[in-house]
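Let's take a friendly walk through a protein model, looking at charged pairs, aromatic rings and nonpolar cores along the way.

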Amino acid sequence: MTTAATETIDSFHRGQFQVIQPLGQGHRSGMDAMLLASLVVSKRPCRVADLGAGAGAAGMAVASRLDHAEVLLVERSALMAQFARRSLALEANARLATRISVLEADVSLTGRARTAAGLADNSFDHVIMNPPFNDAADRKTPDALKAEAHAMTDGLFDTWIRTASAIARPGGQLSLIARPQSIAEIMSACSRRFGGIEITPLHPRDGENAVRILVTAIKQSRARLTLRAPLIVHEAQTHRFAGAVDDMNNGRAGYSRQAPVRHQKLPQ
């Protein structure tokens with residue numbers, strides 16, 4: 001008699017680290033988490049909070065690429081937080097484990113309750129998030145944990161970005177991945193909290209509509225919105241990743257924000 005597997009050990013960044021993930025329940029991370037992690041670019045030591053971290057793939061990917069990054073994985077589900085802790089205990093992750101910690105906390109906490117839970121104000125250089133972005137009516141699943149991890153609730157972006165604004169340091173960066181349909185909610189949630197928003201659409205192939213957007217913004221910035229050139233995920237008519245996306249997905253490169261454009265007056 002064989003017992004059905006309930007979890008897998010998945011390798012990322014071409015085997016640079018591993019994540020234990022559940023089968024049939026909760027959220028399983030993949031390319032979205034790796035592309036989210038690529039948005040954190042820093043030449044100096046930095047503190048990173050991964051909100052709604054699940055088993056920890058995105059936060060671990062940041063630590064894998066940046067040796068000077070200290071990462072806090074914030075996850076409400078006790079089960080998913082335990083997967084993250086077990087992942088950090090793997091021998092393959094020994095070089096990362098001392099720089100990553102797990103915090104069981106609800107991202108929606110506010111004020112003193114949030115601080116008491118371990119999320120102090122003005123504490124992080126980077127806050128990353130891959131929040132649930134399926135409409136509640138998109139997919140039905142009998143697994144409550146998976147439904148919670150995938151289904152969007154009203155005001156979700158405002159709630160999560162409010163917390164990001166509170167815990168990010170002035171000048172700190174917010175990074176997230178979402179569906180294009182969420183642009184309006186993201187822009188509204190960032191208002192008076194984050195500026196200098198940069199949005200990069202992700203297209204499966206040239207000529208196909210975007211299926212994801214990468215968003216970065218800076219706390220207290222007054223810079224204007226930038227809509228960046230799209231990233232094409234796959235080479236034409238194939239499933240091979242395009243070079244730039246493959247580098248981001250496998251931790252060989254980060255995706256830096258654009259340098260501010262200084263406008264010069266034209267000669268009269």
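## Salt bridges

In this predicted model, the count of salt bridges comes to 17. Three of the pairs are set out below.

| Pair | Closest N and O atoms |
|---|---|
| Asp 32 and Arg 212 | 3.0 Å |
| Arg 169 and Asp 125 | 3.0 Å |
| Arg 193 and Asp 158 | 2.9 Å |

Let's begin with the salt bridge between Asp 32 and Arg 212. Asp 32 belongs to helix α1 (residues 31–38), while Arg 212 sits in strand β9 (residues 212–219), so this pair ties together parts that are 180 residues apart in sequence. Are its two partners buried or partly exposed? Asp 32 has a relative accessible area of 19%, and because buried means under 20%, Asp 32 counts as buried. Arg 212, with a relative accessible area of 21%, is partly exposed.

Next comes the salt bridge that Arg 169 forms with Asp 125. Arg 169 is in strand β7 (residues 168–178) and Asp 125 is in strand β6 (residues 124–129), so the pair links distant parts of the chain, 44 residues apart. Arg 169 is partly exposed at 31% relative accessibility, and Asp 125 is partly exposed at 23%.

In the third pair, the side chains of Arg 193 and Asp 158 meet. Arg 193 is found in the loop between α8 (183–190) and β8 (194–203), and Asp 158 lies in helix α7 (residues 156–167), so their salt bridge ties together parts that are 35 residues apart in sequence. Asp 158 has a relative accessible area of 34%, which makes this residue partly exposed.

Salt bridges can also join up into a network: here Arg 14, Asp 246, Asp 247 and Arg 252 are linked in this way.

## An aromatic pair

How many aromatic pairs does a search of the whole structure find? The search finds 1. The ring centres of Phe 12 and Phe 17 are 5.6 Å apart and their planes meet at 20°, so the pair is stacked. Angles under 30 degrees count as stacked. Both Phe 12 and Phe 17 are buried.

## Nonpolar cores

Phe 17 turns up again in the largest nonpolar core, which has 43 residues. Phe 17, Val 62, Val 71, Ile 100 and Leu 214 are the residues with the most contacts inside this core. Among the elements that give two or more residues to the core are β2 (17–22), α1, β3 (46–51) and β4 (69–75). The largest share, 6 residues, comes from α2.

What does Phe 17 touch, leaving out residues up to four places away in sequence? Its contacts include Phe 12, Met 34, Ala 57, Met 60, Ala 61 and Leu 96, along with Asp 10, Ser 11, Ser 64 and Asn 93.

There is also a second, separate core of 30 residues, and among its members are Leu 72, Phe 157, Ala 189 and Val 215.

## A stop in a loop

Our last stop is Ala 120, in the loop between α5 (111–117) and β6. Ala 120 is partly exposed, with a relative accessible area of 31%. Not counting residues up to four places away in sequence, Ala 120 touches Thr 115 and Ile 167. Ala 120 and Ala 168 are 48 residues apart in sequence, and from C-alpha to C-alpha they are 9.1 Å apart in space.

Notes:
Residues numbered from 1 in each chain as written. Predicted model: local features only at pLDDT ≥ 70, side-chain atom pairs only at ≥ 80, totals over all residues. Heavy atoms only, no water. Salt bridge = Lys/Arg side-chain N within 4 Å of Asp/Glu carboxyl O. Helix = DSSP H or I, 4+ residues; strand = E, 2+ residues; numbered from the N terminus. Buried < 20%, exposed > 50% of the residue type's maximum accessible area, 1.4 Å probe, protein only. Phe/Tyr/Trp six-rings, centres within 6.5 Å; stacked < 30°, edge-to-face > 60°. Contact = heavy atoms within 4.5 Å. Core = buried A, V, L, I, M, F, W, Y, C linked by side-chain atoms within 4.5 Å.
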